[in-house]
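Me: I would like to go through this structure by question and answer. Please reason briefly each time and end on the value or name.

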Amino acid sequence: MGTLLVIDDDTQLRTALVTFLGLHGHRVFEADTVNAGVALQVSEEPDLTICDYNLPDVKGMELLEQIKRRTSTPVIKVTGENVGRMGPRGIPRRGARGLW
């Protein structure tokens, strides 16, 4: 299976994702801030990063831009926010390929 990185400041959600993915055979690293996530992105080179949009130190889109400058690792953005408020250019223009 793959190596994954989960970045989310919601401890319960992050723990649930890490546990679920780990039980399905993935090697999973976790971080609760962008700074910690970028460090793991560089040191562990995951196959996929799952990242919250709103993080305490930096907005998730800024993390996406940081990751895209360093690697071609795919990133799945997750949020509990109303994505309609982000506007039509908010997510896709910064490197995301789709919004569901």
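**Fold, salt bridges, helix H1 and cores**

Me: In what order do the elements of the chain run from the N terminus on?
Reply: This is a predicted model. The chain contains three helices and four strands. From the N terminus on, the order of these elements is β-α-β-α-β-α-β.

Me: How many salt bridges does a search of the whole structure find?
Reply: One joins the side chains of Glu-30 and Arg-14. Another is formed by Glu-44 with Arg-27. The search of the whole structure gives a count of two.

Me: How many residues apart in sequence are the parts tied together by Glu-30 and Arg-14?
Reply: The side chains of Glu-30 and Arg-14 meet at 2.8 Å, N to O. Glu-30 belongs to strand E2 (residues 27-31) and Arg-14 to helix H1 (residues 11-23), so the pair ties together parts whose separation in sequence is 16 residues.

Me: Is Arg-14 buried or exposed?
Reply: Its partner Glu-30 has a relative accessible area of 38% and is partly exposed. For Arg-14 the relative accessibility is 9%. Buried means under 20%, so Arg-14 counts as buried.

Me: Which elements hold Glu-44 and Arg-27?
Reply: The closest N and O atoms of Glu-44 and Arg-27 are 3.4 Å apart. This pair links distant parts of the chain, 17 residues apart, with Glu-44 in helix H2 (residues 34-44) and Arg-27 in strand E2. Glu-44 is partly exposed at 26% relative accessibility, and Arg-27 is partly exposed at 47%. The elements are H2 for Glu-44 and E2 for Arg-27.

Me: What arc around the axis of H1 do Arg-14, Val-18 and Leu-21 cover?
Reply: Arg-14, Val-18 and Leu-21 are buried in H1. An α-helix has 3.6 residues a turn, so residues three or four places apart point the same way. The buried residues lie on the same side of H1, because the arc they cover is only 75 degrees.

Me: Which residues are exposed on the other side of H1?
Reply: The buried residues of H1 are covered by parts that include strand E1 (3-7), E2 and strand E3 (48-52). On the other side of H1, the exposed residues are Gln-12 and Leu-23.

Me: Which residue with a positive phi follows H1?
Reply: At the start of H1, a side-chain oxygen of Asp-10 comes to within 3.1 Å of the backbone nitrogen of Gln-12. H1 has 13 residues and spans 18 Å from its first C-alpha to its last, close to the 18 Å expected. After H1 comes a residue whose phi is positive, near 90 degrees: Gly-25.

Me: Which element supplies the largest share of the largest nonpolar core?
Reply: That core has twelve residues, among them Leu-5, Phe-29, Val-38 and Ile-67. E1, E2, H2 and helix H3 (60-70) each supply at least two of its residues. The largest share, three residues, comes from H2.

Me: How many residues are in the second, separate core?
Reply: This core includes Leu-4, Val-6, Leu-21 and Val-28. Leu-21 is also one of the buried residues of H1. The size of the second core is six residues.

Me: Of contacts between residues at least 6 apart in sequence, what percentage join residues at least 24 apart?
Reply: Leu-5 offers individual examples, since its contacts include Phe-29, Leu-40, Pro-46 and Ile-50. For the chain, the share of such contacts joining residues at least 24 apart is 65%.

Terms used. Residues are numbered from 1 along each chain as its sequence is written. This is a predicted model: local features need pLDDT of at least 70, side-chain atom pairs count only at pLDDT 80 or more; totals for chains, interfaces and linings use all residues. Side-chain values use heavy atoms; hydrogens and water are left out. A salt bridge is a side-chain nitrogen of Lys or Arg within 4 Å of a carboxyl oxygen of Asp or Glu. Buried means under 20% relative accessible area, exposed over 50%, partly exposed in between (1.4 Å probe, protein chains only). The expected span of a helix is 1.5 Å times one less than its number of residues. The arc is that of the directions from the helix axis to the C-beta atoms. Contact means heavy atoms within 4.5 Å. A polar contact is a pair of N or O atoms within 3.5 Å; within protein, one must be able to donate a hydrogen and the other to accept it, and residues adjacent in sequence count only if both atoms are side-chain atoms. A nonpolar core is a set of buried Ala, Val, Leu, Ile, Met, Phe, Trp, Tyr and Cys residues joined through side-chain atoms within 4.5 Å.
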